[in-house]
Amino acid sequence: MDAKKIYLTKKGFEDLQKEYDEMLKKRRPEVVERLSLARDMGDLSENAEYIAAREELAFIDGRLEELEGLLKQAELISDSNHKTRAVDLGSEVVVKICYKNETFTVVCEWEADPMEKKISHESPLGKALLGKAVGDEIEFEAPAGKMLYKIISIG
């Protein structure tokens, strides 16, 4: 992984740390145990349980390595970073779309979750929002076509 900073909210950092701890302390030991038991079953070349456990262990080890890198590179977005007049990482933004209001939180790509209205600062909407202020109208290209939003509030 490169040395690029990964910007995370406190909750995002805690979620990654929780996933790391869960994998390291619970899932990995369980899979190592499965692998050990499967190894005792005989011929490893035809042992489906052994092969599956080995593949799962490789996945877990890869994810642990990825999470370690993310956690080392993480820089927390403090509350003071987004209590300004302009949209920044960590900002909660209320926008007017046609005749209704929608609330989005601008986060790093690792925290993005469209179902929870957490949008990446690298997404078309995220890029259009960054640096804008209350009252600004933004236009951006979405899969559905050009969209026009007006910023109602920033928190």
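**Note on the predicted model**

1. Histidine 121 lies in the loop that separates strand E5 (118-120) from helix H3 (124-129). The model is a predicted one, and this residue is a convenient place to start reading it. Because its relative accessibility is 15%, below the 20% limit, histidine 121 counts as buried. Leaving out residues up to four places away in sequence, histidine 121 touches Leu89, Val106, Val107, Cys108 and Glu109, and also Gly126, Lys127 and Leu130.

2. The overall make-up comes next. The protein chain has three helices and seven strands. Read from the N terminus, the order of elements is β-α-α-β-β-β-β-α-β-β. The radius of gyration is 21 Å, well over the 15 Å that the globule rule gives for 155 residues, so the protein chain is more spread out than a compact globule. Along the principal axes, the C-alpha atoms fill a box of roughly 70 × 35 × 25 Å.

3. Some totals for the protein chain follow. Of its 155 residues, 36% count as buried. The accessible surface is about 9700 Å², and carbon and sulfur atoms account for 53% of that area. Where contacts link residues at least 6 apart in sequence, 49% of them join residues at least 24 apart. The protein chain carries 24 positive and 32 negative charges, and the mean positions of the two sets are 6 Å apart.

4. Strands E3 and E4 can be taken together. Strand E4 (residues 100-107) pairs with E3 in the antiparallel sense, over six bridges. Glutamate 92 has threonine 105 in E4 as its bridge partner. The two strands form a hairpin with two residues between them, and in its turn cysteine 98 has a positive phi of about 55°.

5. E4 also pairs with E5. These two strands run parallel and are joined by three bridges. In this pairing, valine 107 stands opposite serine 120 in E5. Valine 107 is also one of the residues that histidine 121 touches.

6. E3 has a further partner, E7. Strand E3 (residues 92-97) and strand E7 (residues 145-154) are antiparallel and share five bridges. Here lysine 96 stands opposite lysine 150 in E7.

7. E7 pairs with E6 as well. Strand E6 (residues 137-142) runs antiparallel to E7, with six bridges between the two. Two residues make the hairpin connection from E6 to E7. Glutamate 137 stands opposite lysine 150 in E7. Lysine 150 thus has lysine 96 opposite it in one pairing and glutamate 137 in another.

8. Tyrosine 7 is the last residue to look at. Tyrosine 7 sits in strand E1 (residues 6-8). Its relative accessibility is 30%, which lies between the limits of 20% and 50%, so tyrosine 7 counts as partly exposed. Apart from neighbours within four places in sequence, tyrosine 7 is in contact with Glu75, Ile77, Leu89, Cys108 and Glu111. Leu89 and Cys108 are also among the residues touched by histidine 121. Tyrosine 7 and lysine 96 are 89 residues apart along the chain, and their C-alpha atoms are separated by 27 Å.

Technical notes: Residues are numbered from 1 along each chain as its sequence is written. This is a predicted model: local features need pLDDT of at least 70, side-chain atom pairs count only at pLDDT 80 or more; totals for chains, interfaces and linings use all residues. Side-chain values use heavy atoms; hydrogens and water are left out. Helices (H or I, at least four residues) and strands (E, at least two) are DSSP runs, numbered from the N terminus. The radius of gyration is taken over C-alpha atoms; the globule rule is 2.2 Å times the number of residues to the power 0.38. Buried means under 20% relative accessible area, exposed over 50%, partly exposed in between (1.4 Å probe, protein chains only). Contact means heavy atoms within 4.5 Å. Accessible areas come from the Shrake-Rupley method with a 1.4 Å probe; for residues, only the protein chains shown count as cover. Lys and Arg count as positive and Asp and Glu as negative; His and the chain ends are not counted. The place of a charge is taken as NZ of Lys, CZ of Arg, CG of Asp or CD of Glu. Two strands pair if DSSP finds at least two bridges between them.
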